Amino acid sequence: MTARAAETATPYTPDFVTTEEDLSGSPLWNPDLAPTPLARRTWTTYNIAALWIGMSVVITTYTLASGLMSQGMTWWQAMVTILLGNSIVLVPMVLNAHAGTKYGISFPVLCRASFGVRGANVAAVLRAIVACGWFGIQTWIGALALHALLSAAWSGWTTLPGALPIAFAIFWGIQVLIILKGTEGIKILESWSAPLLLAGGAILLWWGVRNGGGLTTVLNRSQALQTGSAPFWSLFPAALTANVGYWATLSLNIPDFTRYARSQRSQVLGQALGLPTTMTAFAFIGVAVTSATIVIFGQPIWDPVVLVSRIGGPAVIIFSALIVLAAQLTTNMAANVVSPSNDFSNLAPRRISYVTGGLITAVIGILMMPWKLYADAAAYIFTWLIGYSSLMGALGGILIADYWIVRRQHLSLAELFKVNGRYAYRNGVNWRAIAALLIAVAPVVPGFIRAVMVPGGQVAHPAFVDRLYSYAWFVTFFLSFFVYLGLMRQEFVSRTSSSASAGRAL
């Protein structure tokens, strides 16, 4: 038996490392944070791809190009930007996913290796707060769809006082019921809904092309969507960063899902097939169908919920709204509940379960007033998406540097659950990770503040800090990556030499 396998007391395969040590007595352990047993690692390539299809086919993806084109991009420039951004974020996505598949651990548990068993709460809470904002935004959009459905089904619905807030409360309540069911239903939900969502998008595209006079005519009319006149290269940096930022959160907590993967091949192929292709295709459907509405209705209709109310009678509206509701549910449950539930659970594993963490997410999501976050498409991209991407980039740089460079994919699984073990550092906190996080984020803070103070998030005469902020995710990712390696250099050198001689987990 190798020193690595002996130290972790594990059965070991190239894809999986598990532990036979009883960790249930640790205050850092609960059943939701425990390493995933081999019997539950059943997600195939299709399940992982379906997960991404379910999360990508959503209204925010459909309207993603609207903010870019409203500033001056052409339809194909917007598509290239979206494809490139999602291809870039796929790299850290796959790299961070590796630890989840190999060790069966969730994102906050992985953070313990780099931030410390207590310092991991810093990274987990930062990730969780962003997820709460996303949960609120997707719930608000789902409420709009539900409002349209109820309005079509019952003419008296719109006369009710507070009809839209009631729809919001209903959709929020549906999600709370799903949260109470736990995580196993998400795999089934995503796998069954993915074909339905793709079919719904294809039908909508067929309708737009058929009634808009053909694809060429439709795309030619897309010029009317370019209400801005900013040059492409002045828009591209911030737009690319925003598209990277769109899934920057998932690039961190992807171990929450890949801990259930059948193999590394399943998680890599599933993500590569599901993420960039679906995001670009569905964004294209949004552009094409919206361009078709110019021909059909004489004005662009970006919001698909508004569009379906113009297409046909109650039956069409109800069917379309149900698809929209399914899209919002699949995205919110997977992207914006699983991670913060685990993250909040990590704060106090003995007192906060996955379900309790999910309920905390649902409440904070309302308190963040999502109707304001989503109200302005340009501000949504240039402040919300770019702003939080700076935090996610910094965290991603640290995690990847630690797992792939410092530890060379070798972790001691049992030690991740020990208060005074290898990953305790000093009082449970690795000051190097905290310092790298702060140093990496500091340069983009002035640009963020200036963006927040300007309507739409774009400064008219950008200074250096504004240009730096437009590359926020890239700046913070690479800064944190190299600063963390620099601060960990002494420990890295000593541990690398001992690892080379003994093959031990770090």
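## Helix 7 against helix 18

In this predicted model, Cys132, Phe135 and Gly136 of helix 7 meet a set of residues in helix 18 that consists of Thr361, Ala362, Ile364 and Gly365. Sorted by class, the residues of this contact between helix 7 and helix 18 comprise four nonpolar and three polar ones, with no charged residue.

The axes of helix 7 and helix 18 lie 8 Å apart, and the two helices pack at an angle of about 70 degrees. Because angles of 65 to 115 degrees count as roughly perpendicular, helix 7 and helix 18 are described as roughly perpendicular to each other. The crossing of helix 7 and helix 18 is right-handed.

## Helix 17 against helix 18

Helix 18, which spans residues 354-367, also packs with helix 17, which spans residues 338-347; the axes of these two helices come within 7 Å and cross at roughly 115 degrees. Helix 17 and helix 18 are therefore roughly perpendicular to each other, and their crossing is right-handed.

On the side of helix 17, the contact is made by Val338, Pro340, Ser341, Asn342, Phe344 and Ser345, while helix 18 contributes Tyr354, Gly357, Gly358, Ile360, Thr361 and Ile364. The residues of this contact divide into six nonpolar and six polar, and no charged residue takes part. Thr361 and Ile364 of helix 18, which appear in this contact with helix 17, are also among the residues of helix 18 that meet helix 7.

## Helix 7 against helix 16

For helix 7 and helix 16, the axes come within 9 Å and cross at roughly 165 degrees. Since an angle over 145 degrees counts as roughly antiparallel, helix 7 is roughly antiparallel to helix 16. The crossing of helix 7 and helix 16 is left-handed, and the contact between them has 18 nonpolar, six polar and one charged residues.

## The cavity and its lining

The structure holds one cavity of 30 Å³ or more, and about 60 Å³ of space lies in the largest cavity. The lining of the largest cavity is formed by Met55, Val58, Thr60, Trp134, Gln138, Tyr246, Trp247, Thr249, Leu250, Thr331, Ala335 and Asn336. By class, these lining residues divide into seven nonpolar and five polar, with no charged residue present.

Three helices, namely helix 7 (120-153), helix 12 (248-253) and helix 16 (314-335), each supply at least two residues of this lining. Helix 7 and helix 16 thus both border the largest cavity, and these are the helices whose axes come within 9 Å. Helix 7 in addition meets helix 18 through residues that include Cys132 and Phe135, whereas Trp134 and Gln138 are among the residues that line the largest cavity.

Notes. Residues numbered from 1 in each chain as written. Predicted model: local features only at pLDDT ≥ 70, side-chain atom pairs only at ≥ 80, totals over all residues. Heavy atoms only, no water. 1 Å grid on protein atoms, 1.4 Å probe; cavity = no way out; pocket = protein on both sides within 12 Å on 5 of 7 lines; lining within 4 Å. Points joined across faces, edges and corners; volume = space filled by probe spheres on them. Helix = DSSP H or I, 4+ residues; strand = E, 2+ residues; numbered from the N terminus. Nonpolar A, V, L, I, M, F, W, Y, C, P; charged D, E, K, R; others polar. Axes fitted to C-alpha atoms, helices over the stretch in contact; angles between N-to-C directions. Parallel < 35°, antiparallel > 145°, perpendicular 65-115°, else oblique. Left-handed = near helix turned anticlockwise from the far one by under 90°. Contact = heavy atoms within 4.5 Å.
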